[in-house]
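Here is a short report for a reader meeting this structure for the first time. Please keep the sequence and the 3D view open while reading.

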Amino acid sequence: MARELFLGASGDLISALMILLMLMLMLSMSIRLMLSRKKKAYFSLTLSLLLISIQYVFIAALGTRFSAASGGMDLFLVTSLETLSFIALNVGLYQLYNTTRRKVKWLTFLGVTVTLLLVGARHYAAANWLPDAALDASAPLANAFLNIWMDIYLYILIFVCYYFVTPVVGQTLKYQTALIVYFLTHSAEVLNGYVYNDASEGLELATHFLPVVFFFIVFLFIFERVLELMQAVYHSSITDGLTGLYNRRLFMRRVQQCLQSGMPVSVIFTDIDNFKKLNDTQGHQKGDEALRRVAAIAADVAEEIGLAGRYGGEEIVLVITEPKIDPASVAERLRARVEAEAGVTISVGYAKARKGVTAEQLTKQADEAMYISKKSGKNRVTAYKPGLLAGAAPKKLPVE
């Protein structure tokens, strides 16, 4: 019973339906991405998945695959469609990790052109050289001669993709494994058709279900790449492109969440001293480098006790979420490290959360404390106190 189920026409139908299910999942994902992001990679993937779906709908509708040796023009058309879909799929996978260069466009055009030329040559040969054999599926040698050229060409495409596409795509192991499985699938089809005349049950089983493995690997490949792209989009929406720190929106959201949960948070507000002069005298590139160095130090200081963000311009902010951490010591450690490691100095202010204070108010209080540091000599730390702006200038905290 199991043997009859997985071999012959039923085996073809089961494998085709399994593949079509995965293709529909990949196709829906690809179409959604293509419509929302409008990138060429998603168009190529969508086209290839549509071609492959048509191929397997054809197989499912016929209820069987034709023998490589005895199959006529129907088999050749299925193989031609398989070749075109293989080209489009690999172009799509390439484009998921690379921009489409002119060279790639020409190679794709060449691959499709050769496929169509082989289709035309096969039709011409069948009509003019072997007309009787082309109409007679019982002429295995003649049909084998007519059909084998597309199979050879597909082998060439597999090796080209393995050696030239593999180095330039991510998930190298998955891609290589998929191509190896595809090679084994095609070899099983060729051997069973041309050598064993469809008499090998092992090769027939491989022909049915190795494609299931291939498309499962492709599904994992596409799914992982989509996750990478989604994570990259999310990361870019919450981080600052220059420094890599969290942006102002995310930082303020985090401070507000901490306040709402009742955590005794503190905010540290910093501003690079003489930053405009640095930009004007040494150029914006030097200013950007200094900003990145300060940001890296801030991120290191904030690690495991809070998070760091870029508030705007040359302003770097930290939120301290660990209740046992003294914000004064953190602020002074940050100031001292910047002075020693970044080639610039910073003015620092900090404020501790009080009952009823919002994220905006707490950040403003730390900003006011920083302003006092800036106006009273720079390169120092000031703690916020009510009425600070109207009070005396603060003292610089001792270096730890």
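## A first contact

Which side chain meets that of E224 in a salt bridge? The partner is K174, at 2.7 Å from N to O. A salt bridge here is a side-chain nitrogen of Lys or Arg within 4 Å of a carboxyl oxygen of Asp or Glu. The pair links distant parts of the chain: E224 sits in helix α9 and K174 in helix α8, 50 residues apart. Helices (H or I, at least four residues) and strands (E, at least two) are DSSP runs, numbered from the N terminus.

E224 is partly exposed, with a relative accessible area of 31%. K174 is partly exposed too, at 26%. Buried means under 20% relative accessible area, exposed means over 50%, and partly exposed lies in between (1.4 Å probe, protein chains only).

## About the model

This is a predicted model: local features need pLDDT of at least 70, side-chain atom pairs count only at pLDDT 80 or more, and totals for chains, interfaces and linings use all residues. Residues are numbered from 1 along each chain as its sequence is written, and side-chain values use heavy atoms, with hydrogens and water left out.

## Two nonpolar cores

The largest nonpolar core has 49 residues. A nonpolar core is a set of buried Ala, Val, Leu, Ile, Met, Phe, Trp, Tyr and Cys residues joined through side-chain atoms within 4.5 Å. L23, M26, Y56 and F215 touch the most other members. Six helices give two or more residues each to this core: α2 (8-37), α3 (40-62), α4 (73-95), α7 (140-165), α8 (172-195) and α9 (201-238). The top contributor is α9, with eleven residues.

Take M26 as a sample. Leaving aside its neighbours within four places in sequence, M26 is in contact (heavy atoms within 4.5 Å) with L49, F215, V218, F219 and I222. Another core lies apart from this one. That second core has 29 residues, among them L245, A308, I316 and L334.

## A nonpolar patch on the surface

Now look at the outside. F145, W149, I152, I156, F159, V160, Y163 and F164 make a nonpolar surface patch of about 860 Å². Patches are made of residues with over 30% relative accessible area and no salt bridge; like charges are joined within 9 Å, and nonpolar side chains (Val, Leu, Ile, Met, Phe, Trp, Tyr) within 5 Å. The areas come from the Shrake-Rupley method with a 1.4 Å probe; for residues, only the protein chains shown count as cover.

One member, W149, is found in helix α7. W149 is partly exposed, with a relative accessible area of 45%.

## Strands around β3

Strand β3 covers residues 315-320. This strand is mostly covered: five of its six residues are buried. Strand β1 (residues 266-272) pairs with β3 in the antiparallel sense, over six bridges. Two strands pair if DSSP finds at least two bridges between them. F269 has V317 in β3 as its bridge partner.

Strand β2 (residues 306-312) also runs antiparallel to β3, and six bridges join them. Here G306 has I320 as its partner in β3. β2 and β3 form a hairpin with two residues between them. G313, in the turn, has a positive phi of about 55°.

## More salt bridges

How many salt bridges does a search of the whole structure find? The search finds ten. In one of them, the side chains of R337 and D300 meet at 2.6 Å, N to O. R337 is in helix α13 (residues 327-341) and D300 in helix α12 (residues 284-302), 37 residues apart. R337 is partly exposed at 24%, and D300 at 39%.

R337 also forms a salt bridge with E341, the closest N and O atoms being 3.0 Å apart. These two are four residues apart in α13, so they are separated by about one helical turn. Elsewhere, D271, D273 and K374 are linked in a network of salt bridges.

## Positive phi in the loops

Most residues other than glycine have a negative phi. N274 is not a glycine, yet its phi is positive, about 55°. N274 lies in the loop between β1 and α11 and is partly exposed at 43%.

K378 also has a positive phi, near 65°. K378 lies in the loop between α14 (359-375) and β5 (381-383). Its relative accessible area is 29%, which counts as partly exposed.
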